[in-house]
Amino acid sequence: MEETAAQGILSPVLADTLLFLNLTLSIILLFAFAYLFTTRHQTGEIAQLKDRIKKLSGSLKSLEEKIQEIKPPKKVDTVPEADAFGMSFAKKEKPATAPKIPTGNQVWSKFIDDYNHIAGSMLVPGQLQACQKFVEENNLRMLMRGMTGNFLGTNSVEESNFWAWKINDSKNFAVVPNPMKPCTGDLYEEVGLKSIFAMNFENGVYKKYEVKVPAIFNTDENNRLQLKDPGVVSLSRQ
């Protein structure tokens, strides 16, 4: 118990000092042994000195082992951070899986051709008036992405996020992005483009949309629009 207590209060500085003293004594004894040998002292004295050196070496080894045991633990500067309970509460939407692009004319083909034509001329002056006319002529529903991920109607062509074209007399709608709003990281992640359309977005700003396949929405019993099938959009910087 006494030896353990002594180890517990022995500081690293004191341990180093004791080690230095033992090394010094060992060197002194070696010099003394050499002196006795060169001056031809009695064999008994040389034997006693050898015994003392042997004992001192044993004590030194024991001291080194104790010092290794009481060395302070290695300090860890940084600890990897983890989410609470190992869970992440951030909302993460998976990118839309691209559907197979249909061949031949579809019921929405002419609408998409007209949309791509107007989406390709957003740098021409008078784009707002052209978009308003396109929305009115096709009787489109203008949509905004709500806080909870639902889709709400709006009366603003310029502020809307999506345009929805009703497919004949069904409850389905062909949905396209508002071509007046360039595709940015915020629009892609937060407004819903990521989960509604499979597209070639990486980073930065894309100014032009070309819809290959519209996203298909349908209405529930409360006449609210919800995603049925994702679409495919090709983005370009210019």
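**Salt bridges in the predicted model**

Five salt bridges were counted in this structure, which is a predicted model. Three of them are described here with the solvent accessibility of the residues involved, including a pair between K194 and E189.

In the pair formed by K194 and E189, the closest nitrogen and oxygen atoms lie 3.4 Å apart. K194 has a relative accessibility of 14% and is classed as buried, because buried residues are those under 20% relative accessible area. Its partner E189 has a relative accessible area of 41% and is partly exposed. This salt bridge therefore joins a buried lysine to a partly exposed glutamate.

A salt bridge also links K212 to E210, with 3.3 Å between the closest N and O atoms. K212 is partly exposed at 36% relative accessibility. E210, with a relative accessible area of 35%, is likewise partly exposed. Neither value falls under 20% or over 50%, so both residues belong to the class in between.

The pair of R224 and D220 has its closest N and O atoms 3.2 Å apart. Here the acidic residue is the buried one: D220 has a relative accessibility of 15%. R224, by contrast, is partly exposed, and its relative accessible area is 49%. That value is not over 50%, which means that R224 is not classed as exposed. In this salt bridge a partly exposed arginine is thus paired with a buried aspartate.

Notes: Residues numbered from 1 in each chain as written. Predicted model: local features only at pLDDT ≥ 70, side-chain atom pairs only at ≥ 80, totals over all residues. Heavy atoms only, no water. Salt bridge = Lys/Arg side-chain N within 4 Å of Asp/Glu carboxyl O. Buried < 20%, exposed > 50% of the residue type's maximum accessible area, 1.4 Å probe, protein only.
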